[in-house]
Amino acid sequence: MDDLRFLSWKKITYMACALLAVILLASFCATKNALADDPSVTITVPGTFAESVMAVERDGVPVAKTATANPREYSILVNENTRFLTVFEYNGDVTNENSYPVHMYVWEINHITEPDHYEAVRLEGFDDILGYHGFAIRPANAQANVKSGFRCSLSITTDVKENGLVVGDEQRYTVEEYGHLHIFSRNWTDESYNHMTYGDLLVKNAPCFKRSTGTDIVLRVDGTRTVFANSVYNIVDYNAVKHFRGYIKLHKPSTDEYVYLYGPIVGRNPYYVAKNIHDDATKWAASSPAIKTYIETIIDAVDNPTVPPEPDPVEAIFIGDSIMMGMTLKDGVTDPDGPEDYVQVTYPPSRRIGALLAERLNTTVNCTLVANGGATYSEPGVNYQEGALANMPLLAARAVELVPALTANDYVFIMAGVNDWAYRDQGEEGFDGETALFGEHYGGEVKFKVGDHYVPYGPENQSYCIGIDRTIKTLLNTYPTATILVCSPLRALWDSGPGTEVVNASTNKTLSDYCYVQGAIPGWYRTHEGKKIYSLNLYDRIVGDPDAEYKYMNIIAVVPEYHPNFRNYFPDGYHPNQAGYDIMCRAVIDEMTDQNLLPAPAAP
């Protein structure tokens, strides 16, 4: 059953002088670098295997190696956190998914302070400590409470498992735990490879051995090796490669610390293993009826796939200001004086959010941008009134002209600054002087003050609240079943100060006050009229929510706008750059996910 055994070491006879040199080298137990500011070590790789079948890792992550003038000697960068360097030999090219590991070599990295340098110590007792013993198909067995799945068998040197590693008279390491990690890729250049997290957090399967609890799950003992196995279940794509690697949690008595050592990565897809068994007469004859049935199911699912119908494309409309357009300060400009000092980023929100939606929904997303501000943009609707500054209600009216209908599966994203919802001169009444919004009586319904009572506002009335309400009404009249997302303003730092302190001198309202309004008005339509309209609080999500631990931008401060990192994302203080827009768009998707407006991301 694709049972490719760990190859045994061959005894090699060295010439007497070569043997003496090895003994003398071992007595030093180290290869040192010259300077700590050049933190590299050199290692000499045993054997004669080619570089094409060699994989080098630093604590489980691929690392670059530089050949020196000496045969099979490589220089590798390390740091104070490095614990191990490992070299794996495969039976074929490491880029071939079907190659499997045959040897493993380990070096311990020590930081020596006097003189300041690093040293790499070859731990020969850890040679081949973790090995590969094949994949197997597991049929379901209801009586034994066994689910159908795909099993990977690995092994550990039995002597090291029981006695740890002894070097001279020193107990260098003891084995405290070992098991499998189910990772996502064996492609050394694939970013998904680095999704692997170290330590207990990524142990997808329960450990097979844990000294503290007495856990010791053994598949079989194979000579000097203890074979252990674990499986993945609920397989949907039988043609997708499943990758595993072994891990060992080690205790180092000399420092009383726990460190992790990672074995080689090996991967197979269930279809490959099923075909291997099916096409081998001996293996097929030895298979049970249950295994044969499951194997035939796997092969049929791949060879004769059921193609699901293509989902209908999703429409997404983006309505907003210069930020929705993706405008940013031009490189080299420090004192912007007008639209000529700005340029559109390569991936504005309409493109980036559209792509993220398409990935999450697994369908095509058609995006329409209707925005105004900064400079002319080529998509329909932008600066459509020549020479005029269109406000949000007018942009909403333009959007329904361009896209006359949306379905319940479609989206509208709205985003604008505090000055874009009504005409430029909003006046003191622009916020809530003559517009009722706050308070339990209306709770987000917008009305206009006449004398001592409130009435529906008219076409001649203009204010910030009215602008939001008028925009929403225009969209709901044409798109009654679509999902409408009102995105809050972002953080901003103007010449007059940060938005957390003051935004509009005439209203004395801060940016967070405006954010509240943009949440309250959509909330009224959702709770009173049952509309699918939601507020996305990007203002707090990106840098302002202490509970979020500022996870989007590395900005931790009482006033985030004054933090030095703020300008790394907002060069002019209020327009993001591409990095800032990317974070903003990711926050939009996360907010939608948290509000159950999107399905959760698929497991990797």
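Reader: Why is Arg-398 called partly exposed?

Author: In this predicted model, Arg-398 has a relative accessible area of 22%. Buried requires under 20% and exposed requires over 50%, so with 22% Arg-398 is classed as partly exposed.

Reader: How do you know that Glu-401 forms a salt bridge with Arg-398?

Author: The closest N and O atoms of Glu-401 and Arg-398 are 3.1 Å apart. The cut-off is 4 Å, so the pair qualifies as a salt bridge. Both residues lie in helix H8 (residues 392-402), three residues apart, which is about one turn of the helix. Glu-401 has a relative accessible area of 56%, and since exposed means over 50%, Glu-401 counts as exposed.

Reader: What makes Lys-275 and Asp-279 a salt bridge?

Author: Their side chains meet at 3.6 Å, N to O; as the limit is 4 Å, the pair satisfies the rule. Lys-275 is partly exposed at 27% relative accessible area, whereas Asp-279, at 54%, counts as exposed.

Reader: Which parts of the chain does the pair of Arg-245 and Glu-57 tie together?

Author: Arg-245 forms a salt bridge with Glu-57, with the closest N and O atoms 2.4 Å apart. Arg-245 belongs to strand E18 (residues 242-252) and Glu-57 to strand E3 (residues 54-58), so the salt bridge ties together parts that are 188 residues apart in sequence.

Reader: Why are Arg-245 and Glu-57 called buried?

Author: Arg-245 has 0% relative accessibility, and Glu-57 likewise has a relative accessible area of 0%. Buried means under 20%, so the term applies to Arg-245 and to Glu-57.

Reader: How many salt bridges does the count come to, and which residues are linked in a network?

Author: The count comes to twelve salt bridges. Glu-108, Glu-170, Arg-172 and Lys-252 are linked in a network of such pairs.

Reader: Why is the sulfur of Cys-487 too far from the closest cysteine sulfur for a bond?

Author: The closest cysteine sulfur, in Cys-585, is 9.1 Å from the sulfur of Cys-487. A disulfide requires the sulfur atoms to be within 2.5 Å, so no bond is assigned to Cys-487. The count of disulfides is zero. Cys-487 is buried at 2% relative accessibility, while Cys-367 is partly exposed at 31%.

Reader: What makes Thr-157 buried or exposed?

Author: Thr-157 has 16% relative accessibility, and therefore counts as buried, the limit being 20%. This residue is found in strand E11 (residues 149-157). Leaving aside residues up to four places away in sequence, Thr-157 touches Asp-127, Asp-128, Ile-129, Thr-224 and Arg-225.

Reader: What order do the strands of the open sheet have, and why is one side of E23 and of E31 left without a neighbour?

Author: The five strands have the order E23-E20-E24-E28-E31, with parallel pairing. Strand E23 (365-371) and strand E31 (533-536) stand at the edges, and each has a single partner strand, so one side of each has no neighbour in the sheet. On average, neighbouring strands of this sheet are turned by 20 degrees against each other, direction ignored. Helix H8 packs on the sheet, touching strand E20 (314-320), E23 and E24, and its direction makes about 155 degrees with that of E20.

Reader: How do you know that E24 and E28 pair?

Author: Strand E24 (residues 411-415) and strand E28 (residues 483-487) are joined in the parallel sense over five bridges. Pairing needs at least two bridges, so the criterion is met. One of the bridge partnerships is that of Phe-413 with Leu-485 in E28. Phe-413 is also the bridge partner, in E24, of Phe-318; E20 and E24 run parallel and are joined by five bridges. E20 pairs with E23 in the parallel sense over seven bridges, and the partner of Gly-320 in E23 is Ala-371.

Reader: What makes E20 mostly covered?

Author: Six of the seven residues of E20 are buried, and buried means under 20% relative accessible area.

Reader: How does the reach of helix H10 compare with what is expected?

Author: Helix H10 (residues 511-529) has 19 residues and reaches 28 Å from its first C-alpha to its last, close to the 27 Å expected at 1.5 Å a residue. Its buried residues include Leu-511, Tyr-514 and Trp-524. Just after H10, Gly-530 takes a positive phi of about 70 degrees.

Terms used. Residues numbered from 1 in each chain as written. Predicted model: local features only at pLDDT ≥ 70, side-chain atom pairs only at ≥ 80, totals over all residues. Heavy atoms only, no water. Helix = DSSP H or I, 4+ residues; strand = E, 2+ residues; numbered from the N terminus. Expected span 1.5 Å × (residues − 1). Buried < 20%, exposed > 50% of the residue type's maximum accessible area, 1.4 Å probe, protein only. Contact = heavy atoms within 4.5 Å. Axes fitted to C-alpha atoms, helices over the stretch in contact; angles between N-to-C directions.
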